[in-house]
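Hi,

Here is the structure I promised to pass on. Please open it alongside this note; my findings follow below.

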Amino acid sequence: MKQLFAILSLLVTVSFLNAQTPAAIKLNTPDKTRGASVMQALTNRQSVREYADRALSLQDLSDLLWAANGINRPDGRRTAATASNKQDIDLYAILPDAAYLYDAREHALKPVAAGDFRPLVAGSQRFALQAPLHLVMVSDFSRLGGSEQSRRLWSALDAGIVSQNIALFCSGCGLGTVPRTSMQSDKLKEALKLTDTQFPLINNIVGYPKQAAATAQAGNFHNFKVRDINGDDLDLASFKGKKVLVVNVASKCGLTPQYTQLQALYKKYGPDKFAIVGFPANNFGKQEPGTDAEIKEFCSTKYSVTFPMMSKISVKGDDIHPLYAWLTQAAVNGKQDAPVTWNFQKFMIDENGNWAGMVPPRTLPDSEIITNWIEGRAAVIN
Ligand SMILES: Cc1cc2nc3c(=O)[nH]c(=O)nc-3n(C[C@H](O)[C@H](O)[C@H](O)COP(=O)(O)O)c2cc1C
């Protein structure tokens, strides 16, 4: 009995300790191909103060931390410059379960303390509590030489550069952020177990912007997963390295014969460097009423289609599929508003998964605008 009690109390202690000590988070390899162009990221940068109620994906967290202050050269230098390369800025990631320190060498988050410390970063600005991640830039003055005045100046400049890296990553990859100097610095110093020479200087709260909540896979065509016409999951990352024409198709439309040219285009240029992905949709004139099985039968027997066909989706309105929200909304794709106007609208995606252009429904699949793009004779169409 005594023994059983000892084992039970040991188990309780171990599980209590586990609850208290979160594990380190090994971050994914950063995806350095994603995001809008730098000019587009600058065009879209703005402070965001309304966030969707959704945790960050591990890939977004990984890419964000690397962009903020990761190592980008073999000699250990960073994505953010620092005065005399003193690398005085440490990045603390405050997640709902715990506070972590970003270890750039291991590209991992090391736990510092269990608990939700976001209220200490939010201070009196309650909106900040909506954001699932608070990043705090902390300068360690002991790494900086010079006078007190120089250290104050350099540390603030160094922290600001990391903050701007965060802002540009967020605006280029569909996340929202705002730089903030409000926070309860003294309490944060204690919670983060900082030394006397470490000072929290600025924070960036980060999350998915509220208005883009339905389209949270924003950023890149290759981030999306869809269902194919057989009901199997298809990861669009499988199209990396190919140009892709995305077309919303319908079986009973005046434009349905475009299947002939689409198939010819695919035969000529696919499948190694080029693909067509067809999405049946019943949004226009109810001209795609059938089931996936009926649509598959129709396009394979009548038009001998061999390019990838997907399960039927909605390409506009309240039930728009997240991929089409990305294809059609500038706030999400960082490029252009391009609502689908009818069946057989074509979207161009480049080899890196970036939105590259749109061609309206009546422009035929073998038109020059499309073949020039496939053959690389014309710049991307914006
Ligand atoms: C150094 C600095 C401190 C800031 N502190 C706060 C803050 O404590 N709270 C806040 O809501 N916004 C804060 N901001 C965001 C500014 O209010 C915002 O950048 C400014 O209004 C311009 O808007 P924009 O970022 O959309 O261009 C801060 C910005 C900077 C650069």
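Start with strand β1, residues 25-26, which runs antiparallel to strand β4, residues 108-114, and is joined to β4 by two bridges. Lys26 has Ala108 as its bridge partner in β4. Bear in mind that this is a predicted model.

β4 also pairs with strand β3, residues 98-103. That pairing is antiparallel too, with six bridges. Ala99 is bridged to Ala113 in β4. β3 and β4 make a hairpin, and four residues separate the two strands. Look at His107 in the turn: its phi is positive, at about 45 degrees.

These strands belong to an open sheet of seven. The order is β1-β4-β3-β2-β5-β7-β6, with antiparallel pairing. β1 and β6 (176-180) are the edge strands, each pairing on one side only. Further along the sheet, strand β5 (residues 133-140) meets strand β7 (residues 198-207) through eight bridges, again antiparallel. Leu133 has Val206 as its bridge partner in β7.

Two helices lie across strands of this sheet. Helix α3, residues 58-69, lies across β2 (89-94), β3, β5 and β7. Its direction is at about 160 degrees to β2. Helix α5, residues 148-172, lies across β2, β5, β6 and β7. Relative to β7, helix α5 runs at about 10 degrees.

One residue deserves a closer look: Ala36. It sits in the loop between β1 and α2 (38-44). Is Ala36 buried or exposed? Ala36 counts as buried because 23 other C-beta atoms lie within 10 Å, and the cut-off for buried is 20 or more. Leaving aside residues up to four places away in sequence, Ala36 touches Ala41, Gly172, Gly334 and Lys335. As for Val178, it is 142 residues from Ala36 along the chain, and their C-alpha atoms are 19 Å apart.

Now the whole chain. It has 382 residues, of which 43% count as buried. It contains eleven helices and 13 strands. The C-alpha trace spans about 75 × 65 × 40 Å along its principal axes. Among contacts with a separation of 6 or more, 70% are between residues 24 or more positions apart.

The chain is divided in two: domain 1 covers 22-214 and domain 2 covers 217-374. Their C-alpha centres are 37 Å apart.

Over to you.

Best wishes

Note on methods:
Residues are numbered from 1 along each chain as its sequence is written. This is a predicted model: local features need pLDDT of at least 70, side-chain atom pairs count only at pLDDT 80 or more; totals for chains, interfaces and linings use all residues. Two strands pair if DSSP finds at least two bridges between them. Domain bounds come from an automatic or database domain assignment. A residue is buried if 20 or more other C-beta atoms lie within 10 Å of its own, exposed if 12 or fewer, and partly exposed in between; C-beta atoms are placed from the backbone. Two residues are in contact if their C-beta atoms, placed from the backbone, lie within 7 Å. Axes are lines fitted to C-alpha atoms, for helices over the stretch in contact, and angles run from 0 to 180 degrees between N-to-C directions.
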